[in-house]
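Work through the exercises below with the sequence and the model at hand, trying each task before you read its solution.

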Amino acid sequence: MAGAAGLDDGERDALNDLLAARAQMALSLGFHIVFAEIGIAMPLLMVLAEWRWRRSGDPVYLQLARRWAKGTAILFAVGAVSGTVLSFELGLLWPSFMRLAGPVIGIPFALEGFAFFTEAIFLGVYLYGWERVSPRAHLMAGLIVALSGAASALFVVMVNAWMNTPAGITIEAGRVTAVDPIAGMLNPSAFQQVVHMLLAAYASTGLAVAGIHAFVLLRRRGMDPSGPRDPFHRHALMLALTIAIPSALLQPISGDMSARAVARWQPAKLAAMEALPDTRRGAPLHVGGIEIPRGLSLLAFRDADAEVTGLSAFPADERPPVAPVFVAFQVMVILGALMALVCGWAATVMARGRQIAERPRLLAALAVLTPAGFIATEAGWTVTEVGRQPWVIGGILRTADAVTPMPGLAIPMVVFALVYIGLAAVVASAIASLVGETA
Amino acid sequence: MNGMAFTIGLPEVVAAVMAIALNAYVLTGGADFGGGVWDLFASGPRRDRQRALIAESIAPIWEANHVWLIVVIVVLFTGFPAAFAMLGTVLHIPLTIMLIGIVLRGSAFVFRSYGSHRRSRWGTAFAVASIVTPLLLGIIVGAVATGAVAEAAAEIGVGTFAGVFMGPWAAAFPVSIGLFALALFAFLAATYLTVDADEDGLRDDFRARALLAAVLVFACALAALLLARSAAPRLAMGVAGALLIQAATALSAITAIVALWRRRFRVARIAAAAQVSLILWGWLLAQYPYIVPAALSIRDAAAPPVTLRLLAVGLAAGAAVLVSSLRYLLRTFKGRVRVAP
């Protein structure tokens, strides 16, 4: 390895262990984030469907609610176990991080624990209580599941925001001398990141569900030109869009707010996102290979001539890796823009009182965007995590100093990779068979 | 250090809450793992219906039961971050294996319930993971109790891989505690299932299993106690010294067995839960004031007071919501399990 030249064996092992630990953490979070998003948004869909059924008496909505509840059960369980893995991995892989950060970020984690508890309890009531509790109580149970899922996301993302822009921790001579967990929770990035994550969850899941049903509707059109009514898929599509449209349209606004917060509080990350080598006024913006003059200055600081800090302003050992952050940011922005566009298109069709199910090109666009939200989420996650490097707590603790001294970390990394690949395959086939039963 | 004096302050209160959460996890989540054990050993003419009963009594509540473990972990890393860091470092390997057990148990259970094909394979994964997880949980507890974790932590960077990362847990005493935990969970599950069963045949099946597990519990406890004399002398002394707790444990164990024998299943359930809880508290009190004996006491490992205060407030508020929600869940489902014949 060229990069490892000049290191002795011990240093090379330590570097490999650090990479393995980072890979395992990235894999665990990258896996969990998809299930977390679905766990936040899917219960809302299922409650909406049940509510429509109770209001209209249309049995198709009941069928939808039951099917979505089934999907929620599978995805929630996988989200719950992968979340459990994460809470342990914090100590297994990053013990020094937890020794330092535990007193601050433990509080939001504890609150998240209770939100998760509530979610699990009422999901049990919802899934197994159709005949055991009153209709009102059943609907309420579903609503509580949806709300506590969102609350979990709120607390967990507060922790991530704290890692980006730590607050409420005073360190003197390498020792923590004072902590203020409330200030830590309300750190400068918390609000923007929480909003961005919640919108991402609703937009990604809503569009994924819409895309699946759009695909089925489209295929059936091809088979039978006169077209059956397909109320199941039509209702499913419309409910999914009810969630997807507002969140996908609001997401670019939230993204803009987030970018401005990054510009203010994490200049090195912004420089990596835009691959800006040197500090300059009137910095341009890149979107999908097109350069917009002064765009970055304008967007980040609301001033076309504003000065944007470049990478060279930071010491070499405090610069994040540029290529992955830059590419991931491009992917997120482009996919987010496409999602907003297609949702805007669907909203226009609906506003004119037309049937989306009769618009093959719109259906095709929706079907193509099925995985878009999740890919954008992974990309956004990469931006915020890789863009923070080399720090695990911005400016306070380096990732390399937080890793466990346990050697041979490649082994658990490979084991968890295999477990996650296996789980992903099984979940995919379970969902495919759930959808297949209706298609 | 004031060895045995009981000073009660915020750190002790938070530690007690953590112990209560661990107790709740053992009584609920532990029994769910025990259910998996009996799924693996389902036998006789009512084999399929034993499995169905286990699945139906676990299904609505296991997710909620599992969260107790998360509460324990979160309170540990918030309230006692130094202890969390030390345990996570030295016990990396058994914790990782336990985690994989947790992942497989949980996902196998839902795939078996909801997936449409290859049910039997998921059943096996569920059952095997239900054995691995409690075994490792017990091994971890055993390793902590011996004091070897603290000794290994002091050797990090100096000692060998085997000495630091294997030695504390890959030993006879921790393994005996692992088997003890497995037997206890199986005993709890079988006792609970005698109450959940809605027909005499199934009830008899689980009564016989509970009595068998009670014998195994006794054998494992004896083995662990003999091993503890050399492996964990402090613990052995502490456990043996707490006569009141020992007497109460023995009394509840005898009550559970007699009640099972005389088919007083509801009494047996309460006595079994009391027995398991008393064993847990016996261990915890024996190693007081240490979280990781003999390096980190509750006070040494405690987070700053402001964090502990907030944590205590958060836990109290959370508990208020939780208790009413849990009561609702249990009232909705428990004691009304029906197995289709």
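**Exercise 1: a helix that falls short**

In this predicted model, helix H3(A) spans only 39 Å between its end C-alpha atoms, whereas a straight helix of 34 residues would span 50 Å at 1.5 Å a residue. Find where H3(A) has a kink, and decide how far the helix is enclosed.

Solution. Begin with the expected span, which for a straight helix of 34 residues is 50 Å, and set against it the 39 Å that H3(A) spans. Next, follow the helix axis until you reach Gly102(A), where a kink of about 75° lies, shortly before the proline Pro103(A). Finally, consider the surroundings: 30 of the 34 residues of H3(A) are buried, so the helix is largely enclosed by the rest of the structure.

**Exercise 2: the largest cavity**

Describe the largest cavity by its volume, by the residues closest to its centre, and by the class of the residues in its lining.

Solution. The structure holds four cavities of 30 Å³ or more, and the largest of these has a volume of about 110 Å³. It is lined by 13 residues, of which Leu127(A), Tyr128(A), Ala59(B), Trp62(B) and Glu63(B) are the closest to its centre. Then turn to the elements: those that give two or more residues to this lining are helix H2 (59-93) and helix H3 (95-128) of chain A, together with helix H3 (62-79) and helix H5 (92-114) of chain B. H3(A), the kinked helix of the previous exercise, gives the largest share of the lining, five residues. Sorting the lining by class, as a last step, yields 11 nonpolar residues, one polar and one charged.

**Exercise 3: unusual backbone angles**

Which peptide bonds of chain B, one at Pro289(B) and one at Ala294(B), are cis, and where do Arg294(A) and Arg302(A), each with a positive phi, lie?

Solution. Keep in mind the background that most residues other than glycine have a negative phi, and that most peptide bonds are trans. In chain B, a cis peptide bond joins Tyr288(B) and Pro289(B), with omega about 5°, and Pro289(B) has its place in the loop between helix H13 (265-287) and strand S1 (290-292). The bond from Pro293(B) to Ala294(B) is cis as well, with omega near -5°, and Ala294(B) lies in the loop between S1 and strand S2 (296-297) of chain B.

In chain A, Arg294(A) has a phi near 60° and is found in the loop between strand S5 (290-292) and helix H9 (295-301). Arg302(A) also has a phi near 60°, and its loop runs between H9 and strand S6 (307-308) of chain A. Arg294(A) is partly exposed, with a relative accessible area of 41%, and Arg302(A) is likewise partly exposed, at 45%.

**Exercise 4: buried or exposed?**

Decide whether Ala236(B) counts as buried or exposed, and how many residues of helix H4 of chain B are buried.

Solution. Ala236(B) has its place in helix H11 (residues 233-241) of chain B. Its relative accessibility is 16%, and because buried means under 20% relative accessible area, Ala236(B) counts as buried. Leaving aside neighbours within four places in sequence, Ala236(B) is in contact with Ala228(B) and Arg229(B). For helix H4 (residues 81-90) of chain B, 10 of its 10 residues are buried, among them Pro81(B), Phe84(B), Met86(B) and Val90(B).

Conventions:
Residues are numbered from 1 along each chain as its sequence is written. Chains are lettered from A and ligands numbered from 1 in the order in which they are written. This is a predicted model: local features need pLDDT of at least 70, side-chain atom pairs count only at pLDDT 80 or more; totals for chains, interfaces and linings use all residues. Side-chain values use heavy atoms; hydrogens and water are left out. On a 1 Å grid over the protein atoms alone, a cavity is a set of points where a 1.4 Å probe fits but cannot get out, and a pocket is an open set with protein on both sides within 12 Å along at least five of seven lines; lining residues have an atom within 4 Å of a point. Grid points are joined across faces, edges and corners, and a volume is the space filled by probe spheres set on the points. Helices (H or I, at least four residues) and strands (E, at least two) are DSSP runs, numbered from the N terminus. Ala, Val, Leu, Ile, Met, Phe, Trp, Tyr, Cys and Pro count as nonpolar, Asp, Glu, Lys and Arg as charged, and the others, Gly among them, as polar. Buried means under 20% relative accessible area, exposed over 50%, partly exposed in between (1.4 Å probe, protein chains only). The expected span of a helix is 1.5 Å times one less than its number of residues. The bend at a residue is the angle between axes fitted to the seven residues ending there and the seven starting there. Contact means heavy atoms within 4.5 Å.
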